[in-house]
Amino acid sequence: MKIFNKNDKMVTLVRANYHLLPVISRFGIRLGFKDKTIENICEENKINTDFFLAIVNTFHNENYFPEEQFLQFSPLLLVQYLRKTHRYYIEYELPKMDNLLGQLKKSCSSGCKELEVIDAFYKRYKTELLNHINDEETRVFPYVLELVNNPRSVDPNFSILEYEKEHSNVEVQINDLKNLIIKYMDPVYDENICNEFLITLFRFEIDINDHARIEDTILVPLVVSIEDKYRG
Ligand SMILES: [Fe+2]
Ligand SMILES: [Fe+2]
């Protein structure tokens, strides 16, 4: 799979993988790329081009782990990016899914038991996801920022490995939700809305799994390397 470099045109990035659109937006880059390269556009927007490339390549290619390169970026850059992603989930993706599920429930003609089960399952998933995000925003990220800005002031007994909880639980839940709909939906609903909801879940799953991968394979090792430096 292609690895993008700074001389590629920004337009080729979107043509190759439109799932990258929200990733590009999180960097504050807007459409209207003309024939500019990735480097041109990053410079115009005062974005670190190498960091941008590392993130889009990680999203585009599951096997791409530029660990050495990532260990040289500031964790502040990474935290800033991860926070923007959380905002995107909370302010855009989750409300979109709430809305589609609401429409789907309204479209149900009779005996809507499956939809009630799906609704309960979705609500549980959403609560767990929000708790996880909240935990990162209030405990993990502040710890990382404090470690970078004021390493001597953090409790030497704490470690990112204790802070950052496992992602597997939330990952499994969204997969179960999709399977529940695909396998057990009774045909008492509007099929276009249901397909739209399912497609949104598929896309969200890709995005959130990549987000978790960046936290697990980049943020955590980066912070561990800082912890090791100060703790010998
Ligand atoms: Fe996160
Ligand atoms: Fe996470």
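Here are some notes on how the two domains of this predicted model meet.

1. Start with the overall build. The chain has 10 helices and zero strands, so to read along from the N terminus is to pass α-α-α-α-α-α-α-α-α-α. Along its principal axes, the C-alpha trace spans about 65 × 50 × 25 Å.

2. Next, the split into domains. Domain 1 covers 10-64, and domain 2 covers 70-231. Their C-alpha centres sit 22 Å apart. Where the two touch, domain 1 brings 14 residues to the contact and domain 2 brings 17 residues.

3. How much area do domain 1 and domain 2 bury between them? The figure is about 1500 Å², with 69% of it on carbon and sulfur atoms. On the domain 1 side, three names are worth finding in the viewer: R26, F51 and F59. Together they supply 49% of the area that domain 1 buries against domain 2, more than any other three residues.

4. Now the polar side of the story. Between domain 1 and domain 2 the count is one salt bridge. R26 forms a salt bridge with D207, and the closest N and O atoms there are 2.9 Å apart. As for polar contacts, five residue pairs are counted between the two domains, with both residues at pLDDT 80 or more.

5. Which helices supply at least two residues each to the side of domain 1 that touches domain 2? They are α2 (21-26) and α4 (49-60). Of the elements on that side, α4 gives the most, with six residues. Sorted by type, the residues of this side of domain 1 come out as seven nonpolar, four polar and three charged.

6. Finally, the rings. Searching the whole structure turns up eight aromatic pairs. Take F51 and F73: the ring centres are 5.3 Å apart and the planes stand at 80 degrees, so this pair counts as edge-to-face, the cut-off for that label being over 60. F51 lies in helix α4, while F73 is in the loop between α5 (67-70) and α6 (75-107), so the pair ties together parts that are 22 residues apart in sequence.

7. If you want a short route through the model, try two stops. Look at R26, which pairs with D207 in a salt bridge and is one of the three residues named above for buried area. Then go to F51, another of those three, whose ring meets that of F73 edge-to-face.

Methods
Residues numbered from 1 in each chain as written. Chains lettered and ligands numbered in written order. Predicted model: local features only at pLDDT ≥ 70, side-chain atom pairs only at ≥ 80, totals over all residues. Heavy atoms only, no water. Domains from an automatic or database assignment. Contact = heavy atoms within 4.5 Å. Buried area = accessible area lost by both parts, 1.4 Å probe. Salt bridge = Lys/Arg side-chain N within 4 Å of Asp/Glu carboxyl O. Polar contact = N/O pair within 3.5 Å; in protein donor to acceptor, adjacent residues only side chain to side chain. Helix = DSSP H or I, 4+ residues; strand = E, 2+ residues; numbered from the N terminus. Nonpolar A, V, L, I, M, F, W, Y, C, P; charged D, E, K, R; others polar. Phe/Tyr/Trp six-rings, centres within 6.5 Å; stacked < 30°, edge-to-face > 60°.
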